[in-house]
Amino acid sequence: MLKLAIFLTFACTCVWGAAVPQGMLPQLDGRIVGGSFTTITSFPWQISLQRSGSHSCGGSIYSHNTIVTAAHCLQNVSPSILKVRAGSSYWSSGGVLLSVESFLNHEGYNPETMVNDIAIIRLSSSLSMSSTIKPIELATTAPANGADATVSGWGTTQYGSNSLPSQLKYIDLKIVGRTQCSSASYGYGAEIRATMICAAATGKDACQGDSGGPLVSGGLLVGVVSWGYGCAYANYPGVYADVAALHSWVVEAAESL
């Protein structure tokens with residue numbers, strides 16, 4: 001089966017496994033599936049990570065100069081072509097656009113298994129906090145199975161399109177705990193590892209272009225958009241880096257970068 005990193009809007013990065021079941025071809029369309037438009041005041045921790053002027057991934061504000069995102073968003077790239085837009089509902093305008101000084105991927109990130117799919121970015125200058133720019137606290141324990149959660153991001157709204165909607169979108173989901181997500185109730189089995197958590201809702205999912213973005217539950221950052229089989233497929237929840245499991249790494253890496 002083909003495991004898809006939920007990756008860049010304009011690039012396909014896939015992790016190859018066994019054959020794809022019929023009807024489960026990859027969807028490389030970068031949309032928040034089944035989402036609604038929103039404003040940055042509702043998600044002030046959300047940022048747009050941009051490569052050479054185009055939105056590529058999401059991320060979350062951890063501090064005045066540090067962003068949390070996915071490791072697979074930062075493969076084979078130089079900080080010099082990266083920028084972060086914060087404080088705007090629109091990825092292409094408004095808010096502030098800051099350069100990236102450096103970044104650090106989790107040293108245990110594995111692109112084949114997608115374990116430890118988390119990274120931090122150090123900005124070249126500090127963010128000024130406001131009603132539209134706020135850090136989000138990291139979860140220290142994973143939310144319960146069935147807990148309410150929300151994921152937000154930018155991305156195309158039609159399969160095969162390279163046209164990005166300008167405004168931020170979001171979806172409401174339910175947490176699928178690691179034990180449940182790896183059970184026979186779903187299709188992933190042992191591919192769900194100790195640093196992963198899942199979330200799902202009928203007809204709703206994160207997808208390519210939303211990578212690195214925030215999964216929030218109880219006002220805490222509980223997940224980082226990582227991978228899945230297709231987008232919004234039945235029995236295949238979206239898979240996220242488990243922030244609680246990776247909490248210590250984020251704190252220590254932010255201090256050392």
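**View 1. Strand E7 and its surroundings.** Because four of the five residues of strand E7 (residues 82-86) are buried, this strand is largely enclosed by the rest of the structure; here buried means under 20% relative accessible area, exposed over 50%, and partly exposed in between, with a 1.4 Å probe and protein chains only. Helices (H or I, at least four residues) and strands (E, at least two) are DSSP runs, numbered from the N terminus. The model is a predicted one, in which local features need pLDDT of at least 70 and side-chain atom pairs count only at pLDDT 80 or more, while totals for chains, interfaces and linings use all residues. Residues are numbered from 1 along each chain as its sequence is written, and side-chain values use heavy atoms, with hydrogens and water left out.

**View 2. The partners of strand E7.** Two strands are taken to pair if DSSP finds at least two bridges between them. Strand E4 (residues 46-51) runs antiparallel to E7 and is joined to E7 by five bridges, among them the one in which Ser-48 has Arg-85 of E7 as its partner. E7 also pairs with strand E8 (residues 96-105), in the antiparallel sense and over four bridges, and in E8 the bridge partner of Arg-85 is Leu-97. Arg-85 is thus seen in bridges to Ser-48 and to Leu-97.

**View 3. Strand E5 between E4 and E6.** Eight of the 10 residues of E5 are buried, so this strand is largely enclosed by the rest of the structure. Six bridges pair E4 with E5 in the antiparallel sense, and the residue of E5 that serves as bridge partner of Ser-48 is Gly-58. The hairpin of E4 and E5 has two residues between the strands, and in this hairpin Ser-52 takes a positive phi near 50°. E5 is also joined to E6, by three bridges and with the two strands antiparallel; Ile-67 in E6 is the bridge partner of Ile-61. E5 and E6 likewise form a hairpin, with two residues between them.

**View 4. Cys-57 and its disulfide with Cys-73.** Cys-57 is found in strand E5 (residues 54-63) and, at 0% relative accessibility, counts as buried. A disulfide is a covalent bond between the sulfur atoms of two cysteines; the criterion applied here is a pair of cysteine sulfur atoms within 2.5 Å, and by this rule the count comes to two disulfides. One of them joins Cys-57 to Cys-73, with an S to S distance of 2.2 Å. The torsion about this S-S bond is about -95°, so the disulfide of Cys-57 and Cys-73 is left-handed. The pair links distant parts of the chain, with Cys-57 in strand E5 and Cys-73, 16 residues apart from Cys-57, in the loop between strand E6 (66-69) and E7. Both Cys-57 and Cys-73 are buried. Ala-70 is 13 residues from Cys-57 in sequence, and the C-alpha to C-alpha separation of these two residues is 8.4 Å.

**View 5. The disulfide of Cys-181 and Cys-198.** The sulfur atoms of Cys-181 and Cys-198 are 2.0 Å apart and form a disulfide, which is left-handed, with -85° about the S-S bond. Cys-181 lies in helix H1 (residues 178-181) and Cys-198 in strand E12 (residues 196-200), so the pair ties together parts that are 17 residues apart in sequence. Both Cys-181 and Cys-198 are buried.
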